[in-house]
Every structure is written in C-alpha cells, then in structure tokens.
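Let's take a stroll through a protein model, starting in the middle of things and working outwards. Keep the picture in view as you read.

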Amino acid sequence: EYETPAVEMSDPALPSPREPIQNTSWHAREVDLARVLQPGYWRELCPSLHVCDEAFQASVRPMVGAALEEVADDARERILRDGYTKIPAACLPWKSVAHRELALACVQLMRHGWNPSFLLMYDEAWSIAHELSDVVLRATGNRLNFDALCWHVDPYDDLGDDEHTAFSPHRDRQPDDSPATFRPDGTAMYATAWVALTDATPENSCLYVIPRARDPGYFEGDDDDPSNAGADPLRLCLPHKEAYQHITAVPAETGSAVVFTHRVIHWGSRGTPRSAELGPRTPPRVCVSFGFADDAYEPAYVDRARNLPFPPLCNRAALVSAQMIAYHERFRSSERMLRLFHDAVTHPGVDGALEREYRKKVMYE
C-alpha cells in the first residue's frame, strides 16, 4: 500500500530548473516520439514516480466518507454564492499523492526541456484527479474532462515574456449563451480544480479572483465587441477605485484545492521575490489544474471509459501535446518540439482518442 510521505517544514528548497543535466541524451531536444511513448524514459527522468504501474494504480481510490460529503456540500454552497472556493489541505485526506515529489518532478522535467504539463505522463498526476473526483462531482455536478495543465511560476524569473508567469485576468470559457451553461439549480456546467503542489502565496503567485456578486457578466455574459471599450468585463467589475477592494487573493497551502467555475474572472500574480536580506529565497509556485465538465456543455477531451482513472501512456502524450499546441502562444516551443507534439497527436496508436471537436481545434492551431 502506498502512503504519502510526510512533508516537513525543513524540506530543502526546490532546485532550479536551470541547473545543468548530466545526461543530455535525456533532454527533450534529443528525444523522438518512439522514446516519448516508452514508460522507461519517463521513469528514468523521475524514478520516484510511477508510470503505468498497475500496483500503484490499484491503490488509488477517490476520497470518500461523511466528512468529505460535508466538505463538498460546503464547497458547493460557496461556489454557488461566490463562483469559487478553496478547500483546505486539512480537509483533503490525500493517500497516494506526494505533492513535494510532484513538485520536484516538475523541476526535473523543466531541466530536461519539457513543459511542466508533462507531469501528466506520471500516474501520480492522474491520482490527484482520481482522488478528488467524487468531491468535485458532489460540489459541482461535473466530471473530469481532461483539460489539464501544470505550472511552475518562479517570482525571480524576469525573462521579458509571459511564458514563465501565471495567466493574466480571464474567464476559462466565453460561451455565446452564458446562462445556458448553468443548470436550473444554479450550478455551472464547467469547473476547474486547481491543486497546489507547493504553497501558493502573494509572494510567489497565488490566484486572484473577482467574486460572482461583484461581476456583472458572470452569469449574463460579456459583450465581446472589441470596439466597445466600456464593455470590457474587468472594467465593469472595477468601475471605481473602491471596487478594487473586491479583488480577492486566494493563497493556497500545499495540498489544498481551489475550485472555480468557467465564469469567474481569475488570474495569477507575478509574485514578489524576497531580497536576500529579508530571509530565505521565495520558493516557486507549482500547481496542477484539471477541468471538470458536464458533457451537455463540453464533451471530455478523451473518452472517459477508456481513459479513467489512468489514461494509457500514448493517450497521455497525445493529450499533453495537444494542450501544448492549443496553448502554443502561451507556452512557446521550438519548431522541432511542435513537430514532436504534432506527431504525438496524429500517431496511429491514438487515432480517435481525442474528441473530434477538440482535435479539430488543435489541428487548426
């Protein structure tokens, strides 16, 4: 039986993604698709994690129990009222998830040229979604739809671009008919579960949100006419200086989960690095997010019956590669890496794995 290792306050700082690697043949620029589809390659990179390990997978169960039902019911009420909630780590009895090991693996992947989202090649990343699935279902009515991403945000990074920072203010979805994406009971048909793998604070970049009650376009929708500057959703939420007090920081300790709907305006701050004179270096923010949806609004990116709770490795590669293509303007990749992602998406072994409309969007990009 697998148990989550205890995380002590004395844990050393995460290493830098810029540290040199010993074996350059493991770097992403040296890897072809055949190697990407070999479990052994990913095990070599992060030997403390599991890849298609049947024994580990069999040990993972969704969180259940009366206490979890109360947690989910409380989350449901808060989401209905505010559009979001944070479930404290103390309320989530993780069994198979070692958050620090995942954060360390994220750094290791970056050192070898992979985007943090390739953490999804590992069983432990999917065990987060599986353990949390019943809680999110009870709180939102939605099931995993495989819209997943991972982040490593370092407040000391100042590279002159947005690739290494959190997302700027946005809504996760902009439907043509916003009210139609809510059920009669008021619950939203799409939600995101954002799980902290390290502490997320205002210093190293936590989420910020505008609560539902302060957002005129949350339910009714937005005017997308770019010529109508006065209809900008953020300006409508913040029409005067007092309104800025409604912006809410959502710091999240390791192992906590922030759950929010597709209509909440949210963003991650850049963070404020601490000077050496004031104490230890501010650690990076590492997290993973999973989308959960009602199929009546948005079908799952891959078939649940064939991919839950742990997708086959080729489907993981196709899914993460598809996300890299879909977000190519946000997560910049070399021409070679984009070709590799394209090959992973179009590989005969994953033919038909991606949902038709999602694949169409990816191939258009």
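Trp114 touches a whole crowd of residues, even when those up to four places away in sequence are left out: Trp26, Ala28, Val31, Val36, Tyr41, Trp42, Leu45, Leu109, Met337, Leu340 and Phe341. "Touching", or contact, here means heavy atoms within 4.5 Å. Before going on, know that this is a predicted model, in which local features need pLDDT of at least 70 and side-chain atom pairs count only at pLDDT 80 or more, while totals for chains, interfaces and linings use all residues. Residues are numbered from 1 along each chain as its sequence is written, and side-chain values use heavy atoms, with hydrogens and water left out.

Where does Trp114 fit in? Trp114 is listed with Trp42 and Phe290 as the residues with the most contacts inside the largest nonpolar core, which has 106 residues. A nonpolar core is a set of buried Ala, Val, Leu, Ile, Met, Phe, Trp, Tyr and Cys residues joined through side-chain atoms within 4.5 Å. Helix α6 (residues 123–140) gives this core its largest share, 8 residues. In soluble globular proteins, nonpolar side chains tend to be buried together.

Now zoom out. The protein chain has 12 helices and 8 strands; these are DSSP runs numbered from the N terminus, with helices (H or I) of at least four residues and strands (E) of at least two. Of its 365 residues, 50% count as buried, where buried means under 20% relative accessible area, exposed over 50%, and partly exposed in between (1.4 Å probe, protein chains only). The C-alpha atoms fill a box of roughly 55 × 55 × 50 Å along the principal axes. Among contacts with a separation of 6 or more, 84% are between residues 24 or more positions apart.

Here are three residues to compare by place and accessibility.

| Residue | Place | Relative accessible area |
|---|---|---|
| Phe146 | strand β2 (residues 143–153) | 0%, buried |
| Ser205 | loop between β3 (190–196) and β4 (207–209) | 0%, buried |
| Leu338 | helix α11 (residues 335–346) | 30%, partly exposed |

Two of these have a backbone quirk. Phe146 has a positive phi of about 75 degrees although it is not a glycine. Ser205, also not a glycine, has a positive phi of about 100 degrees.

What does Leu338 touch, not counting residues up to four places away in sequence? Leu338 touches His328 and Ser333. The C-alpha atoms of Leu338 and Ser321 are separated by 8.4 Å, and the two residues are 17 residues apart along the chain.

Another backbone feature to look for is the peptide bond from Leu308 to Pro309, which is cis, with omega near 0 degrees. You'll find Pro309 in the loop between α9 (304–307) and α10 (313–326).

Last stop: is Val264 buried or exposed? Val264 counts as buried, at 0% relative accessibility, and it sits in the loop between β6 (257–261) and β7 (266–268). Leaving aside neighbours within four places in sequence, Val264 is in contact with Asp82, Gly83, Tyr84, His170, Arg171, Val209, Ile210 and Tyr218. The C-alpha atoms of Val264 and Val36 are separated by 36 Å, and these residues are 228 residues apart along the chain. Val36, as it happens, is one of the residues that Trp114 touches, which brings us back to the beginning.
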